[in-house]
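This report reads through one protein model, moving from individual ion pairs to the sheet and then to the chain as a whole.

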Amino acid sequence: MLSGSLNLVPARAISVPGRRSSVIPFSSVGVFFPLRFFYTAESVSHGQSLGPQFITAMAASSVSTAPPDVQIENTVTLLDFLSRRSGNLDDGLANVLLHLQAACKRIAALLASPAALQMTSAMKNSMGPTVAGRDAPKPLDIVANDIIKAALWKSGNVAALASEEEDSPVWIGVGQYVVVFDPLDGSRNIDASIPTGTIFGIYRRLTGTEGLPDEEQARSNCLRKGCELVASGYALYSSATMMCLTVGDGAHGFTLDGSCGEFVLTHRDLKIPKRGQIYSVNDARYHDWPAGLQRYIDDIRQGKGQYPKKYSARYICSLVADLHRTILYGGVAMNPRSHLRLVYEAHPLSFIVEQANGKGSDGKRRILDLGAKELHERLPLFLGSPDDILELESYGDVQQLVNPGYEV
């Protein structure tokens with residue numbers, strides 16, 4: 001939410017010493033006016049959203065129906081950030097991440113176009129059944145998958161990849177990195193314009209597998225423990241397009257500036273609160289949950305848990321969106337049944353959550369300690385504030401191991 005005073009200035013912008021400013025478009029009934037936002041350096045350095053401290057609306061002498069160019073001074077782009085070579089970064093990893101962010105920009109543009117809705121509506125019932133343990137792909141899942149695969153091929157730094165939309169890991173054989181990804185999480189929500197996302201994790205290529213058949217090399221490189229990841233992240237396609245990532249030195253968030261086409265650092269060194277007051281889960285399944293999980297939810301709803309305040313429920317049914325809110329505000333995002341995939345959902349998201357000082361668990365064990373046996377292996381997943389996850393685990397029986405036959 002925008003805060004601060006709003007002053008109409010008839011001729012020119014006001015300059016505030018010691019503050020960064022940027023001109024961005026503001027639309028009112030189809031007419032665009034430039035707004036100048038002033039940000040304090042402290043808001044950037046403490047991992048908070050770049051909330052405006054002061055807003056000045058400038059009335060132009062002639063009003064244009066086209067948005068003006070955005071001019072951003074002293075910002076840090078994703079390219080700038082990757083140039084630091086901190087954490088696990090080297091030239092090869094930076095190259096892979098830059099190709100991934102380019103792919104996410106293309107997906108964001110596609111999702112924001114009428115073509116996305118038309119494609120989804122026209123082909124809604126034309127896809128085949130579930131294959132090899134994965135969900136039946138939807139049209140935009142396939143397009144997003146092709147966009148990311150093409151970007152990774154072009155990087156020249158990827159030896160193998162694995163995707164939700166592939167039956168098995170794919171061996172490329174060049175480069176020193178391995179990428180696992182869910183190209184379009186939450187795609188069933190696109191018809192309703194609900195947020196969706198892309199999830200990715202990056203490993204270094206294993207040594208000592210040379211000479212093995214391609215299929216074996218691909219499996220060995222992709223089916224690993226999450227603690228071996230060197231980078232991971234997600235893109236959130238919503239009212240803004242964001243990319244949150246880690247290269248092993250904390251979690252950082254970037255927002256896509258549509259006027260210049262660059263991801264700009266807006267959330268430096270994200271830290272999830274030690275405890276939140278929000279839980280995110282499909283409450284409609286309550287009566288199918290094990291007793292331990294029912295007790296936990298009952299207690300935190302009524303303020304009878306370790307935290308004396310009553311929790312609220314917030315559930316979007318889009319994993320990336322629910323997790324992003326949880327990282328910012330604290331609490332726990334969960335799916336207690338064996339539904340989410342270990343390789344390209346649980347591992348990458350648990351890595352970024354831990355880098356933000358949170359925890360990732362299957363209800364009993366740390367997610368990053370788990371090794372994968374199959375590409376589309378599923379498990380319960382609990383992500384969030386460290387104190388909330390520890391309290392949830394203390395209830396013991398929180399995993400819903402039986403699926404009564406849900407179709408959604």
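Asp-269 counts as partly exposed, at 31% relative accessibility, and its salt-bridge partner is Lys-271, with the closest N and O atoms 3.4 Å apart. Lys-271 is likewise partly exposed, its relative accessible area being 41%. The model is a predicted one, and the distances and areas discussed here are computed from it.

A search of the whole structure finds 14 salt bridges, among them the pairs set out below.

| Salt bridge | Closest N to O distance |
|---|---|
| Asp-269 and Lys-271 | 3.4 Å |
| Arg-301 and Asp-283 | 3.1 Å |
| Arg-325 and Asp-322 | 3.1 Å |

In the pair formed by the side chains of Arg-301 and Asp-283, Arg-301 belongs to helix 7 (residues 291-301), whereas Asp-283 sits in the loop between strand 14 (278-280) and helix 7, so the bridge ties together parts that are 18 residues apart in sequence. Arg-301 is partly exposed, with a relative accessible area of 32%, and Asp-283, at 26% relative accessibility, is also classed as partly exposed.

The pair of Arg-325 and Asp-322 is set within a single element, since both residues lie in helix 8 (residues 319-329), three residues apart, which is about one turn of the helix. Are these two residues buried or exposed? Arg-325 is buried, with a relative accessible area of 13%, and Asp-322 counts as buried at 4% relative accessibility; both values fall under the 20% limit that defines a buried residue. Beyond these pairs, Arg-275, Asp-388 and Glu-391 are linked in a network of salt bridges.

Turning to the sheet, eight strands form an open arrangement in the order 7-6-8-9-10-11-12-13, and the pairing is mixed. Strand 7 (170-171) and strand 13 (262-270) stand at the edges, where each has a single partner strand, so one side of each is left without a neighbour in the sheet. Within the sheet, strand 8 and strand 9 pair in the antiparallel sense over seven bridges, and the bridge partner of Val-178 in strand 9 is Tyr-203. Helix 3 (residues 91-111) packs on this sheet, touching strand 6 (158-163), strand 8, strand 9, strand 10 (231-237), strand 11 (241-246), strand 12 (251-257) and strand 13, and its direction makes about 165 degrees with that of strand 9.

The loop between strand 8 (177-185) and strand 9 (196-204) contains Asn-189. With which residues is Asn-189 in contact, leaving aside its neighbours within four places in sequence? The contacts of Asn-189 are with Ile-194, Pro-195, Ile-316, Cys-317 and Ser-318. Asn-189 is buried, because its relative accessible area is 9%, which lies under the 20% limit for that class.

For the protein as a whole, there are 10 helices and 18 strands, and buried residues make up 52% of the 408 residues. Among contacts with a separation of 6 or more, 66% are accounted for by residues 24 or more positions apart. The accessible surface of the protein comes to about 18100 Å², and 52% of that surface belongs to carbon and sulfur atoms.

Conventions. Residues are numbered from 1 along each chain as its sequence is written. This is a predicted model: local features need pLDDT of at least 70, side-chain atom pairs count only at pLDDT 80 or more; totals for chains, interfaces and linings use all residues. Side-chain values use heavy atoms; hydrogens and water are left out. Helices (H or I, at least four residues) and strands (E, at least two) are DSSP runs, numbered from the N terminus. Buried means under 20% relative accessible area, exposed over 50%, partly exposed in between (1.4 Å probe, protein chains only). Contact means heavy atoms within 4.5 Å. Accessible areas come from the Shrake-Rupley method with a 1.4 Å probe; for residues, only the protein chains shown count as cover. Two strands pair if DSSP finds at least two bridges between them. Axes are lines fitted to C-alpha atoms, for helices over the stretch in contact, and angles run from 0 to 180 degrees between N-to-C directions. A salt bridge is a side-chain nitrogen of Lys or Arg within 4 Å of a carboxyl oxygen of Asp or Glu.
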